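Here is a friendly walk through the structure shown below. Keep the viewer open while you read, and follow each residue as it comes up.

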Amino acid sequence: MKKYLYLFFVALFATMSVALTSCGDDDDEPSAGGKYSCNLTVNGSKFPSKTIAGEIWNHNGFDAITVWVNDATNENGYVIFEVTNVNATDGTNVSDDCSLDVDFDELFLMGGEVKSGSVTVSKIDRDAKTMTITFNNVTFSSPMGDDATVNGTLTTPLNGADNKVKL
């Protein structure tokens, strides 16, 4: 009887190890697959971007674009960029039309407006639902006195917060 009981438990544990194994990862966010990218620097330091999302939404009767990039491993790691010129085409300078929120290292900037430099919409592709933005030595400042200088490019999806992608 001991022998049968032993064999029963061996078979039971073998079955459980197969039955309880997951078939894939638990990653709910699609991977970027080269379509999206973020190589931003903030005050000379590379921003450790992990996920990116963006959406076009209605703001006081006109369309606005909000893009957020964050470091999913750090609750204090995010950049939120907003531009209200959604009719921009390739090469449109939107410096007077945008703001930035940053929480990165010791820098906390809310509602920063462009003080110098340029922000250019390189491309809005409504069919592919992507936007590419170029930051050329852009200094954002806020009423709190903090400045953030941003450089680099950002290619983001424009399909909503629920469709963020891993970078």
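Leucine 154 has contacts that reach many places in the sequence: leaving aside residues up to four places away, it touches Ser37, Cys38, Leu40, Ile52, Val67, Val69, Met131, Thr132, Ile133 and Phe135. Keep in mind while you look around that this is a predicted model. Leucine 154 also belongs to the largest nonpolar core, which has 32 residues. Together with Phe81, Val119, Phe135 and Phe140, Leu154 is among the residues that touch the most other members. Two or more residues of this core come from each of β5 (62-70), β6 (78-83), β8 (98-104), β9, β10 and β11. As background, nonpolar side chains tend to be buried together in soluble globular proteins.

**The chain as a whole**

Stepping back, the chain contains one helix and 12 strands. The helix comes at the N-terminal end of the order, and the strands follow it. Of the 167 residues, 36% count as buried. If you take the contacts between residues at least 6 apart in sequence, 51% of them join residues at least 24 apart. The exposed surface of the chain is about 9800 Å², and carbon and sulfur atoms supply 51% of that area.

**Two hairpins**

Now for the strands β9, β10 and β11. Strand β9 covers residues 107-125 and strand β10 covers residues 130-141; the two run antiparallel and are joined by 10 bridges. To find your place in this pairing, look for isoleucine 124, whose bridge partner in β10 is methionine 131. The hairpin has four residues between the strands, and lysine 129 takes a positive phi there, near 55 degrees.

β10 also pairs with strand β11 (residues 147-157), again in the antiparallel sense and over 10 bridges. Here threonine 132 stands opposite threonine 155 of β11. This hairpin has five residues between its strands, with glycine 145 at a positive phi near 95 degrees.

**A salt bridge between strands**

How many salt bridges does the structure hold? There is one, and it is formed by the side chains of aspartate 147 and lysine 115, with 3.1 Å from N to O. This pair links distant parts of the chain, since aspartate 147 lies in strand β11 and lysine 115 in strand β9, 32 residues apart. In general, side chains of opposite charge can pair when their charged atoms come close. Aspartate 147 has a relative accessible area of 31%, so it is partly exposed. Lysine 115 counts as exposed because its relative accessibility is 54%.

**Two serines, either side of a cut-off**

Is serine 118 buried or exposed? This residue of strand β9 has a relative accessibility of 17%, so it counts as buried. Its contacts, not counting residues up to four places away in sequence, are Asn93, Ser95, Thr134, Phe135, Asn136 and Val138.

Serine 99 sits in strand β8. With 22% relative accessibility, serine 99 counts as partly exposed, because the buried class is for values under 20%. With residues up to four places away again left out, serine 99 touches Ile80, Phe81, Glu82, Gly111, Gly112 and Phe140. One of these, glycine 111, is 12 residues from serine 99 along the chain, and their C-alpha atoms are separated by 5.6 Å.

**At the surface**

Phe108, Met110 and Met144 make a nonpolar surface patch of about 280 Å². Methionine 110 is in strand β9 and has a relative accessible area of 36%, so it is partly exposed.

In the loop between β8 and β9 you will find glutamate 106. Its relative accessible area is 83%, which means that glutamate 106 is exposed. The C-alpha atom of glutamate 106 is separated by 9.4 Å from that of asparagine 76, 30 residues apart along the chain.

The residues discussed for their accessibility are gathered here for use at the bench.

| Residue | Relative accessible area | Class |
|---|---|---|
| Serine 118 | 17% | buried |
| Serine 99 | 22% | partly exposed |
| Aspartate 147 | 31% | partly exposed |
| Methionine 110 | 36% | partly exposed |
| Lysine 115 | 54% | exposed |
| Glutamate 106 | 83% | exposed |

Technical notes: Residues numbered from 1 in each chain as written. Predicted model: local features only at pLDDT ≥ 70, side-chain atom pairs only at ≥ 80, totals over all residues. Heavy atoms only, no water. Pairing = 2+ DSSP bridges. Buried < 20%, exposed > 50% of the residue type's maximum accessible area, 1.4 Å probe, protein only. Contact = heavy atoms within 4.5 Å. Areas by Shrake-Rupley, 256 points an atom, 1.4 Å probe, with all protein chains shown as cover. Core = buried A, V, L, I, M, F, W, Y, C linked by side-chain atoms within 4.5 Å. Salt bridge = Lys/Arg side-chain N within 4 Å of Asp/Glu carboxyl O. Patch = residues over 30% accessible without salt bridge, like charges linked within 9 Å, V, L, I, M, F, W, Y side chains within 5 Å.
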